[in-house]
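I opened the model to look up its charged side-chain pairs, then the strand arrangement, and finally one residue in its surroundings. My entries follow in the order in which I made them.

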Amino acid sequence: MKLVRAVSLIALLALNAAAFAQSDAQKSDAQKSFEQMKAFAGTWDGPVTVAPPQPGMGDGSHTTVSLRVTSRGNALVHEMYEPGMADDPAHHDHPVTMFYLDNDQLLLTHYCDVGNRPRMTGRVSPDGKTVEFDFLDVAGSTKYGHMQHAVFTVVDANHHIEEWTYLMPGDKPVHARMELQRTK
């Protein structure tokens, strides 16, 4: 009787392992994109280029980006910091973006320092090196504008590029490009 139980248990474990392997092979593009985004976990630093130039955000400035996986792997937290500024999000720009899957869609919600929360949907490029996010909707006031678009491009394991588009009042786009290098 013990032999039958042991064989049954081994067979059940083998079936579960096969089902897990099969589901992993059948990941959607959204799931693959999210896994790719989670590989960015770490601390990054690099120069920021803004076009057209904006007061206080000129060329040559730097930013630090922290990305960490949280919620048992179900979310990725993206935080931007201005080096040399106090870590005081109540007084300094400190936007937070959350990446997550919703059914078969990769989404981001950007918690902006202007007080709104735009959401964007992600899609991966055919070569798998770029994840592009398009505006979906926004909660909160857009009186001061809102984040409209984002692109994450993998250069290699220690370098990536982030491009963010902010839509100013009057639908005037401001583009920020960050060429980031892993520091941790």
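I looked up Glu 179 and found that it forms a salt bridge with Arg 177, with 3.1 Å between the closest N and O atoms. This is a predicted model, so I treat every distance here as a computed value. Glu 179 counts as partly exposed at 42% relative accessibility, and Arg 177 is likewise partly exposed, with a relative accessible area of 31%. I also noted that Arg 123, Glu 132 and Asp 134 are joined into one network by salt bridges that share partners.

I then followed that network to the contact between Asp 134 and Arg 123, a salt bridge whose closest N and O atoms are 2.9 Å apart. Because Asp 134 lies in strand 7 and Arg 123 in strand 6, this pair ties together parts that are 11 residues apart in sequence. For Asp 134 I read a relative accessible area of 24%, which makes it partly exposed, and Arg 123 is also partly exposed, at 43%.

Next I checked Arg 119 and Asp 137, whose side chains meet in a salt bridge with an N to O distance of 2.8 Å. Here too strand 6 holds the Arg and strand 7 the Asp, so parts 18 residues apart in sequence are tied together. Arg 119 has 25% relative accessibility and counts as partly exposed, as does Asp 137 at 30%. In total I recorded six salt bridges in the structure.

Turning to the strands, I asked how many make up the closed barrel and in what order they run. The barrel has 10 strands, in the order 1-2-3-4-5-6-7-8-9-10, with antiparallel pairing, and the twist from one strand to the next averages 25°. I noted that helix 2, residues 29-38, packs on the sheet and touches several strands, including strand 2, strand 7 and strand 8, while its direction makes about 145° with that of strand 4. Strand 7 (residues 130-139) pairs with strand 8 (residues 146-156) in the antiparallel sense over five bridges, and Phe 133 has Ala 150 in strand 8 as its bridge partner.

Last, I asked whether Leu 180 is buried or exposed. This residue of strand 10 (residues 172-182) has 2% relative accessibility and therefore counts as buried, the limit being under 20%. Leaving aside neighbours within four places in sequence, I found Leu 180 in contact with residues including Trp 44, Thr 63, Val 65 and His 159. Its C-alpha atom is separated by 9.4 Å from that of Thr 43, which is 137 residues apart along the chain.

Note on methods
Residues numbered from 1 in each chain as written. Predicted model: local features only at pLDDT ≥ 70, side-chain atom pairs only at ≥ 80, totals over all residues. Heavy atoms only, no water. Helix = DSSP H or I, 4+ residues; strand = E, 2+ residues; numbered from the N terminus. Buried < 20%, exposed > 50% of the residue type's maximum accessible area, 1.4 Å probe, protein only. Contact = heavy atoms within 4.5 Å. Pairing = 2+ DSSP bridges. Axes fitted to C-alpha atoms, helices over the stretch in contact; angles between N-to-C directions. Salt bridge = Lys/Arg side-chain N within 4 Å of Asp/Glu carboxyl O.
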